[in-house]
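Q: Hey, I've just opened this one and don't know my way around yet. Can you walk me through it?
A: Sure, put it up and ask away.

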Protein chains: 2
Amino acid sequence: MELRYLSRADVESLCISMADIIAVVEEGFRRKGMGETQMPPKIAIHSRPGEAFLHAMPAYVGGLDIAAIKWVGGNEENLKRGLPNITGLIVINDAETMVPLAIMDGSWITAMRTGAANAVAMKYLGPASADTVAVVGCGVQGRSNLLAMLTHYTGIARVQCYDVVPQALEAFVGEAETRYDGVEFVAAAGPRAAVEGADVVVTAGPSPKHPSPYLRADWLKQGAMAAPVDYMGAWDAQLAVEVEKLITDDHAQMDYYRSKGYFADIPRPYADLGEVVAGLKPGRECPEERTMSICMGIAVDDAVTAGLVYERACAAGVGAELPL
Amino acid sequence: MELRYLSRADVESLCISMADIIAVVEEGFRRKGMGETQMPPKIAIHSRPGEAFLHAMPAYVGGLDIAAIKWVGGNEENLKRGLPNITGLIVINDAETMVPLAIMDGSWITAMRTGAANAVAMKYLGPASADTVAVVGCGVQGRSNLLAMLTHYTGIARVQCYDVVPQALEAFVGEAETRYDGVEFVAAAGPRAAVEGADVVVTAGPSPKHPSPYLRADWLKQGAMAAPVDYMGAWDAQLAVEVEKLITDDHAQMDYYRSKGYFADIPRPYADLGEVVAGLKPGRECPEERTMSICMGIAVDDAVTAGLVYERACAAGVGAELPL
């Protein structure tokens with residue numbers, strides 16, 4: 001028996017488009033909404049006090065018939081050592097025999113699937129079109145969410161960017177200007193200037209357990225959507241109360257994080273994204289609504305994206321064959 | 001960043017002795033007893049109805065400072081396809097940075113650590129010495145448990161073997177006679193002949209949820225120990241009630257299996273093996289006691305064994321270096 005190993009470079013070399021990832025992530029949410037997925041609540045070990053963690057995130061996606069696990073870890077001290085904060089591996093198994101088929105680096109996939117999940121949320125809860133959007137927090141997730149927004153909304157003319165670290169903001173804007181033609185990127189002078197006038201606001205800064213929010217709820221305009229991927233680290237919690245529709249990517253996972261101290265003062269979302277995608281509960285119903293989707297990132301997102309990566313890698317003959 | 005990949009052949013090529021594995025597994029149980037391990041209850045996905053499964057088994061072992069996960073799956077239909085019933089991978093992470101250090105095949109480790117855990121149980125609950133032992137169920141676990149018994153008890157003169165499948169029994173005895181000099185191996189005519197007179201009885205047959213036990217409680221002699229690794233698939237449940245001391249390797253895991261329908265009519269064990277190894281509860285207290293240890297196999301066993309394998313592989317330069 002052999003299994004395929006895909007390094008981060010292998011995974012990236014396949015040049016899988018964000019559009020393709022959004023499509024499989026949407027299908028994952030549909031299957032989840034239809035009750036065809038299995039995703040036991042993640043389990044964790046903490047080998048050091050503080051924020052260091054390792055999470056086991058298995059999932060089975062019916063229909064696509066993908067069985068996979070992500071084993072992902074992080075230690076915020078890593079950045080001081082010149083190491084990535086988050087690293088992880090994804091294993092894909094044959095869903096019939098359970099034999100492992102492939103092991104792949106999970107870092108590119110984690111970034112891409114998180115952006116893709118937000119794009120799916122925008123499709124169902126965001127405004128029908130977007131001229132101006134905002135990215136607050138200009139790191140890895142800011143980049144993949146920018147790509148996801150530009151993929152989903154083809155009419156974006158202006159992106160208002162902000163980061164508390166001026167160098168990060170400058171680097172982000174410079175890089176984006178080079179990468180995306182025909183879009184104006186603005187380094188906002190402050191958080192308010194970034195958010196005001198935006199049709200969609202992605203916040204992708206740090207995810208502290210007890211946030212000190214610096215975005216006021218009334219800065220989000222009528223008809224706009226807030227898409228925090230920072231566990232509500234930036235927005236005043238009041239916005240989650242005020243919006244017409246608040247959804248999440250998984251109730252059970254949000255409950256887990258609540259038990260860890262996150263999401264205080266955030267009401268229970270009225271639906272999860274899978275229910276909306278599957279048509280069981282409505283998404284946006286009128287142009288004036290303000291909406292919010294809190295996507296924390298779920299194992300189903302990883303499984304479907306890894307399944308796509310595996311399929312493309314086999315077709316392209318990319319990766320190393322290892323004996324089991 | 002690089003990580004090391006060890007195939008099953010790589011793992012086996014290190015020729016790590018059962019004695020060394022028993023030693024690290026004992027240390028794992030000691031750490032568990034002292035409350036220095038983290039082992040969240042395993043989580044499962046079932047991509048097919050029936051007995052097919054994939055389990056995520058993470059553990060952190062303090063003191064040894066090992067962070068690892070086993071991702072193990074099985075489908076009983078595999079044997080008909082010429083595939084192993086159980087396959088799995090173990091990932092070891094740097095316990096400080098959480099970066100993955102190594103991926104290795106988990107099948108040899110699973111077999112060896114299960115035998116080793118039983119040897120630890122024998123050290124604390126078995127008779128002080130053993131002349132005659134029994135192996136009922138002559139598959140992979142029968143083999144590794146035989147090795148574990150012969151490693152722990154150096155005075156074994158006779159091994160009484162039994163399997164419901166005559167060919168399996170014959171192959172087991174032939175193989176053991178070739179491998180172990182100076183020990184008599186007897187193919188017992190039936191289960192009673194195998195068990196009677198044995199100082200230690202390992203049962204390693206199938207693990208049905210609703211067993212049809214074929215070993216009577218009164219066949220286990222005074223002063224002997226029963227070590228079922230088959231989730232009590234062979235022994236009359238009455239034996240678990242009668243023995244002076246019943247222990248398990250993990251209460252939480254036994255409770256999980258109870259919720260799945262296993263271990264009906266089995267009383268709650270009075271201790272777990274970690275508590276006994278750590279000296280918090282007594283093991284065997286007199287030669288006449290009959291004892292039983294139900295070891296189901298826990299993630300801590302895998303983690304410490306994988307840690308030993310990784311250390312030896314690095315020292316010997318075995319395995320492939322993969323880019324992360």
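Q: Let's start where the chains meet. How many residue pairs are in polar contact between chain B and chain A?
A: There are 20 such pairs between chain B and chain A, counting residues where both are at pLDDT 80 or more. Keep in mind that this is a predicted model.

Q: And which strands of chain B supply residues to the side that touches chain A?
A: β1 (2–6), β3 (43–45), β4 (53–61), β5 (66–74), β6 (86–93), β7 (100–105) and β16 (320–323) of chain B each give at least two residues to that side.

Q: How do the residues on that side of chain B divide into nonpolar, polar and charged?
A: The split is 31 nonpolar, 11 polar and seven charged.

Q: How many residues does the contact take from each chain?
A: Chain B puts in 49 residues and chain A puts in 49 residues.

Q: What area do chain B and chain A bury between them?
A: About 4,100 Å², with 68% of it on carbon and sulfur atoms. I43(B), W71(B) and M98(B) supply 16% of the area that chain B buries against chain A, which is more than any other three residues.

Q: What about charges? How many salt bridges are there between chain B and chain A?
A: Six salt bridges are counted between chain B and chain A. One side-chain pair in a salt bridge is R81(A) with E96(B), at 2.7 Å from N to O. Over all chains, a search of the whole structure turns up 52 salt bridges.

Q: Which residue of chain A does R48(B) form a salt bridge with?
A: R48(B) pairs with D65(A), and their closest N and O atoms are 2.8 Å apart.

Q: Why does that pair join two chains?
A: R48(B) sits in the loop between β3 and β4 of chain B, while D65(A) sits in the loop between β4 (53–61) and β5 (66–74) of chain A, so the pair links two chains.

Q: OK, changing topic. What's the strand order in the open sheet of eight strands in chain B?
A: In chain B the order is β10-β9-β8-β11-β12-β15-β13-β14, and the pairing is parallel. At the edges are β10 (184–187) and β14 (271–272) of chain B, each pairing on one side only.

Q: How many bridges do β12 and β15 of chain B pair over?
A: Two bridges, in the parallel sense, between β12 (residues 225–228) and β15 (residues 291–294) of chain B. There, M225(B) stands opposite T291(B) in β15(B).

Q: Which strands of chain B does helix α3 lie across?
A: Helix α3 (residues 107–125) of chain B lies across β11 (200–203), β12, β13 (245–248) and β15 of chain B, at about 160° to β12(B). Helix α4 (residues 140–152) of chain B crosses β8 (132–136), β9 (158–162), β10 and β11 of chain B, and runs at about 165° to β8(B).

Q: And what's the strand order in the open sheet of chain A?
A: Chain A has an open sheet of eight strands ordered β10-β9-β8-β11-β12-β15-β13-β14, with parallel pairing.

Q: Which residue is the bridge partner of T248(A) in β14(A)?
A: That's D272(A). Strand β13 (residues 245–248) of chain A runs parallel to β14(A), joined by two bridges.

Conventions: Residues are numbered from 1 along each chain as its sequence is written. Chains are lettered from A and ligands numbered from 1 in the order in which they are written. This is a predicted model: local features need pLDDT of at least 70, side-chain atom pairs count only at pLDDT 80 or more; totals for chains, interfaces and linings use all residues. Side-chain values use heavy atoms; hydrogens and water are left out. Two strands pair if DSSP finds at least two bridges between them. Helices (H or I, at least four residues) and strands (E, at least two) are DSSP runs, numbered from the N terminus. Contact means heavy atoms within 4.5 Å. Axes are lines fitted to C-alpha atoms, for helices over the stretch in contact, and angles run from 0 to 180 degrees between N-to-C directions. Buried area is the accessible area (1.4 Å probe) that two parts lose on being put together, summed over both. A salt bridge is a side-chain nitrogen of Lys or Arg within 4 Å of a carboxyl oxygen of Asp or Glu. A polar contact is a pair of N or O atoms within 3.5 Å; within protein, one must be able to donate a hydrogen and the other to accept it, and residues adjacent in sequence count only if both atoms are side-chain atoms. Ala, Val, Leu, Ile, Met, Phe, Trp, Tyr, Cys and Pro count as nonpolar, Asp, Glu, Lys and Arg as charged, and the others, Gly among them, as polar.
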